[in-house]
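Some terms used for a model need a reason behind them. The turns below ask for those reasons one by one.

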Amino acid sequence: MRLTQLAHRRANLPEHAEIESLTADLAQVRDLLVAARTEESDTAREQTKAEQDVDQVRKRAARDQQRLDTGAVTSPRDLENLQKEIASLARRQSDLEDVVLEIMERRESAQERAAELARRVESVQARTDEAVARRDAALAGIDTEAASVTRERQAVAATIPEALLKLYDKLRGQQGGVGAARLYQRRCEGCRLELNITEVNEIRQAPADEVVRCENCRRILVRTPESGL
Ligand SMILES: [Zn+2]
């Protein structure tokens with residue numbers, strides 16, 4: 001009975017559910033962190049690419065400006081085209097610089113999110129470790145208690161005939177962990193049923209060392225002065 005209770009306590013420690021829930025949280029927060037870090041590196045690449053675009057436009061505008069300044073272009077039509085291109089490149093550069101700024105903002109917020117999530121991973125991990133330590137301590141306590149119950153039981157078992165012990169173990173398996181019950185005021189304390197007069201008479205006549213059993217639940221009945229026989 002006590003071993004069954006201990007097994008029940010072992011299986012139903014509140015830490016099991018707590019650890020399960022924390023582990024699920026941890027997996028979720030870690031996934032979010034991976035996503036934030038991926039976005040962080042994606043935006044970093046995007047920023048490099050956008051900055052290269054700006055640079056290209058700037059270089060081309062500088063080349064055009066140089067051609068204009070050196071007076072190499074003389075035809076009015078070519079001059080007009082060149083000036084138009086320089087103006088268009090300036091607009092393009094400004095647009096591309098806006099793109100760079102927008103990417104930088106996204107990168108910054110991804111960095112902030114990643115840092116925040118890293119802190120959360122750390123905190124959930126710490127709570128998980130703490131719950132695991134608590135669970136392990138509780139399990140160790142139950143193990144110690146179970147070992148002591150087993151030792152006590154073995155000491156008692158050494159004094160009980162083997163056949164009776166086997167029967168008791170079999171019944172314990174069949175009857176939810178209780179193989180024997182006290183007979184108390186003609187009632188089986190295992191199934192709570194009152195014995196009828198025939199059963200009481202049979203038990204009354206049975207020798208003290210005979211194993212008597214409940215007709216209803218088949219448990220071994222333990223006779224005591226309060227059995228009502
Ligand atoms: Zn019974």
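Q: What phi does Gly71 take, positive or negative, and where does Gly71 lie?
A: In this predicted model, Gly71 comes just after helix 2 and has a positive phi of about 75°.

Q: How do you know how far helix 2 reaches against its expected span?
A: Helix 2 covers residues 14-70, which is 57 residues. The expected span is 1.5 Å times one less than the number of residues, giving 84 Å for helix 2. From first C-alpha to last, helix 2 reaches 83 Å, which is close to that value.

Q: Which residues of helix 2 are called buried, and what makes a residue buried?
A: The buried residues of helix 2 are Leu22, Thr43, Ala50 and Val57. The term requires 20 or more other C-beta atoms within 10 Å of the residue's own, so these four residues of helix 2 meet that cut-off.

Q: What do the buried residues of helix 2 pack against?
A: They pack against helix 3, residues 76-157.

Q: Why is the protein chain called more spread out than a compact globule?
A: The chain has 5 helices and 4 strands, in the order α-α-α-α-β-β-α-β-β. For its 229 residues the globule rule gives 17 Å, but the radius of gyration is 42 Å, well over that value, so the chain is more spread out than a compact globule. Along its principal axes the C-alpha trace spans about 135 × 30 × 25 Å.

Q: What share of the protein chain is buried?
A: Buried residues make up 10% of the 229 residues.

Terms used
Residues numbered from 1 in each chain as written. Predicted model: local features only at pLDDT ≥ 70, side-chain atom pairs only at ≥ 80, totals over all residues. Helix = DSSP H or I, 4+ residues; strand = E, 2+ residues; numbered from the N terminus. Rg over C-alpha atoms; globule rule 2.2 N^0.38 Å. Buried ≥ 20, exposed ≤ 12 C-beta atoms within 10 Å, placed from the backbone. Contact = placed C-beta atoms within 7 Å.
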